[in-house]
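Thanks for making time this morning. I would like to walk you through one model, so please have the sequence and the structure open as we go.

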Amino acid sequence: MFDTVIKGGTIFGQGYQRIGDIGITGESIKEIKFDGSLEGEQVIDATGKLVFPGFIDPHVHIHLPFMGTNAIDDHESATKAALVGGTTTIIEMICPGPDDEPAKAFAEWKGLAEEGACCDYTFHLAVVRFDKLAKQQLRELVANEGVQSFKIFLAYKGALDISDENLHELMLVCKELGIVLTAHCENAELIDEKQKQLIAEGKTGPEWHEPSRPRNVEAGGVQHLCEFAEQTGASVYVVHTSCGEAVECAMEAKERGVDVTVEAVAPHLVLDKTYAERLNFEGAKFVMSPPLRDKEEHDALWNGLATGSVSTIGTDHAPFNFKGQKDMGTENFTLIPNGIPSIQERVDLVHTYGVCQGKIDLQTMVEVCSTNVAKQFNMYPRKGALAVGSDADIVVYDPNFVGTFTHEDGLSKIDYSGFEGMERKGRSDVVLLRGKVVAQQGKFVGETGSGIYLPR
Ligand code: URP
Ligand code: ZN
Ligand code: ZN
């Protein structure tokens, strides 16, 4: 007799899809059987539903002091939103400023997460400061705290960007320690120049955000990162890739032997740059970096996901309110805090606009939204798998649910939805985190603060 049995759903296991039962005791999966014989004290009927491993978001911002303000969610609100959307583990970016010590930043972010996180979490640590003390602390965090990935920005001049000299040395450190370097690929200098020029010409609205950071500048950033990786042998991961040109640069480098992995994020797959051109400053809701592109780029990204050149889908959840935050840039688009939240919507967006439109299949959806993330970032098979011994992070998914995305359903503290009124097919019906039901039909039903830190 198991604590819980999930009965009769189509299980997306390791290399198979088959109707069966999952037996859970305590926090982990104890048995998977296909003859209907498992019995549990609690039985969750999954007939007609899909049973997925809990989804993992590889790119989230919650505590984010950025562009003169701070992202509006806290760990409680963001992780509740994640869970109702089927995401049971997040990787948050720790983004300290140029004067901040990495160790203090790690302690600050972890402390905040410990207070309220409802799903499991781990971190990518941004390397902004890189003096002697910082270098020593980075090594200690890897050795003692289970940090397994750093992050660098080739954008945000003077705030978060890294010099080539430091990038080179950091890559050597990553190679030596065997950890992944994740990277925001653009070019801080080129963007800065372009922005100054546009503002001087009186081009101040949010519609000028995309022209200020064109596709070739992003692709150039990928090229730059890959050149350094080629020289140093470091493993690199390109975050929030927005266009085919950037994916191609990464794939060309891969063919030369560079260990590079590409991430897409939900907004770039379903929204296009016309959203940022909306009148009356509405476009500010859709300002993120790299920017939303032409609609044609959606297919380049979906094709990349279908063929394996793009390996993961995250969100880059970075919520800034329209009123009181985005409007800091009313007179000047360069002052609009960058970010489009989607931590709650990611899985359903991928299902609706990827699977239901025939761009990717369900197995690929599971891989890119869960399994590949767990493998890339050293959490597999504890996370990202429906397998005996894995954490019982499980999503019973209703593919037949039909609705619309709306801000009203959101658990994030954000004051708008970037997907308002868009058609939605599918919903996480029941979500389990380490064996406990934490979300049901769009409602959080778990215990606040029950997420744990995952040292990797
Ligand atoms: O627009 C974005 N992406 N905001 C969050 C910071 C970042 O660059 O990831
Ligand atoms: Zn970024
Ligand atoms: Zn980001």
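**Two zinc ions, one helix and some rings**

Let me start with the metals: the zinc ion (ligand 3) and the zinc ion (ligand 2) lie 3.7 Å from each other. Before going further, I should say that this is a predicted model, in which local features need pLDDT of at least 70 and side-chain atom pairs count only at pLDDT 80 or more, while totals for chains, interfaces and linings use all residues. Residues are numbered from 1 along each chain as its sequence is written, chains are lettered from A and ligands numbered from 1 in the order in which they are written, and side-chain values use heavy atoms, with hydrogens and water left out.

Which protein atoms hold the zinc ion (ligand 3)? Its protein donors are His-59 (NE2), His-61 (NE2) and Asp-316 (OD), at 2.0 to 2.1 Å from the ion, where a donor is an N, O or S atom within 2.8 Å of the metal (3.2 Å for Na, K and Ca), and sites may look incomplete as water is not among the atoms. Along the chain these donors follow the spacing H-x1-H-x254-D. The four donor atoms around the zinc ion (ligand 3) subtend angles of 88 to 143°, and the arrangement is therefore irregular. By way of definition, four donors are tetrahedral if all angles lie between 85 and 135 degrees, four are square planar and six octahedral if opposite donors are over 155 degrees apart and all others between 65 and 115, and anything else is irregular. His-59 is buried, with a relative accessible area of 0%, and His-61 is buried at 6%; here buried means under 20% relative accessible area, exposed over 50%, and partly exposed in between, with a 1.4 Å probe and protein chains only.

Turning to the zinc ion (ligand 2), its protein donors are His-184 (ND1) and His-240 (NE2), again lying 2.0 to 2.1 Å from the ion. These two histidines link distant parts of the chain, 56 residues apart, with His-184 in strand 12 (residues 180–184) and His-240 in the loop between strand 13 (235–238) and helix 8 (244–255). Helices (H or I, at least four residues) and strands (E, at least two) are DSSP runs, numbered from the N terminus. The site of the zinc ion (ligand 2) is irregular, with angles of 57 to 151° among its four donor atoms. His-184 counts as buried at 1% relative accessibility, and His-240 does so at 3%.

Next, helix 2. How are the buried residues of helix 2 placed around its axis? The buried ones are Pro-102, Ala-105, Phe-106, Trp-109, Lys-110, Ala-113 and Gly-116. Seen down the axis, they fall within an arc of 145° (taken from the directions from the helix axis to the C-beta atoms), so they line one face of helix 2. On the other side, Lys-104 and Glu-115 are exposed.

Finally, the aromatic residues: the structure holds 16 aromatic pairs. In one of them, the rings of Tyr-16 and Phe-34 have centres 5.6 Å apart and planes at 85°, so the pair is edge-to-face. Rings of Phe, Tyr and Trp (its six-membered ring) pair if their centres lie within 6.5 Å, with planes under 30 degrees apart counted as stacked, over 60 as edge-to-face and the rest as tilted. Tyr-16 is partly exposed at 25%, as is Phe-34 at 31%.
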